[in-house]
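Work through the exercises below with the sequence and the 3D structure open. Each task is followed by a solution in steps.

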Amino acid sequence: MPDDGGVRVTIRAPRPDDVVAYSEAVRRSAEHIGRWNPIEPDALPELLERQGPGLRTFLIVDEATGGLVGKCNVANIVMGRFCNGALGYDSYLPFAGTGMMSEGMLLVLDQCFTPAHQGGLGLHRLEINVQPDNERSIAMARRLGFRHEGFTPRMLFLDGGWRDHERFALTIEDWKPAERR
């Protein structure tokens, strides 16, 4: 979080003109994110095509430089009686560890929990699934106010095998919007 209360990041949807910056950020951060997530520096065009009711992607951008701090996917969005989505995120070097990703994720959560008629996603519940050894992502989930809900064995096929995940969730009732933080 910023020490001076100032805004250091913004969030926005990815655009076709982000392809080069995205590719460079992923390549530069490959060692940082590769243990937990696939390294796909050329995936942005396909990700742009997949945007829709079930998937929304947010880029977290450094206000001062325009650099990509990170990416957050809100995937598996189901509305109706569920109003749920799953968050997945990557932070990029040199911004990892600066608190800027946390600031951006707070903005993403605001967007997720804002009612659809006010321009948000209108979700009631969000979940984050994290491999048990990914201490930084678990710390992020807790810092954002997510509660631990359980353990899911062999949840995702990553890096040649089925990986266990810890499951965290946050509902709108427990969320503190920006004006209350």
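**Exercise 1: the chain as a whole**

Among contacts (heavy atoms within 4.5 Å) in the chain between residues at least 6 apart in sequence, 58% join residues at least 24 apart. This is a predicted model, in which local features need pLDDT of at least 70, side-chain atom pairs count only at pLDDT 80 or more, and totals for chains, interfaces and linings use all residues. Residues are numbered from 1 along each chain as its sequence is written, and side-chain values use heavy atoms, with hydrogens and water left out.

Task: list the secondary structure of the chain and compare its radius of gyration with the globule rule.

Solution.
1. Count the elements, taking helices (H or I, at least four residues) and strands (E, at least two) as DSSP runs numbered from the N terminus. There are five helices and seven strands.
2. Put them in sequence order: β-α-α-α-β-β-β-α-β-α-β-β.
3. Take the radius of gyration over C-alpha atoms; the globule rule is 2.2 Å times the number of residues to the power 0.38. The chain has 16 Å, close to the 16 Å that the rule gives for 181 residues, so it is as compact as a globular protein of that length.

**Exercise 2: the core and H4**

Task: find which element gives the most residues to the largest nonpolar core, and describe that element.

Solution.
1. Define the core as a set of buried Ala, Val, Leu, Ile, Met, Phe, Trp, Tyr and Cys residues joined through side-chain atoms within 4.5 Å. Buried means under 20% relative accessible area, exposed over 50%, partly exposed in between (1.4 Å probe, protein chains only).
2. The largest such core has 31 residues, and Leu126 and Phe146 are among those with the most contacts inside it.
3. H4 gives the most to this core, eight residues.
4. Of the 14 residues of H4, twelve are buried, including Met105, Leu109 and Phe113.
5. From the list of contacts of Leu126, leaving aside neighbours within four places in sequence, pick out Leu109, Cys112 and Phe113.

**Exercise 3: a polar residue in a strand**

Task: is Asn73 buried or exposed, and which side chain does its own side chain meet in a polar contact?

Solution.
1. Locate Asn73 in strand E3.
2. Its relative accessibility is 17%, so Asn73 counts as buried.
3. Apply the polar contact rule: a pair of N or O atoms within 3.5 Å; within protein, one must be able to donate a hydrogen and the other to accept it, and residues adjacent in sequence count only if both atoms are side-chain atoms. The partner is the side chain of Thr57, at 2.5 Å.
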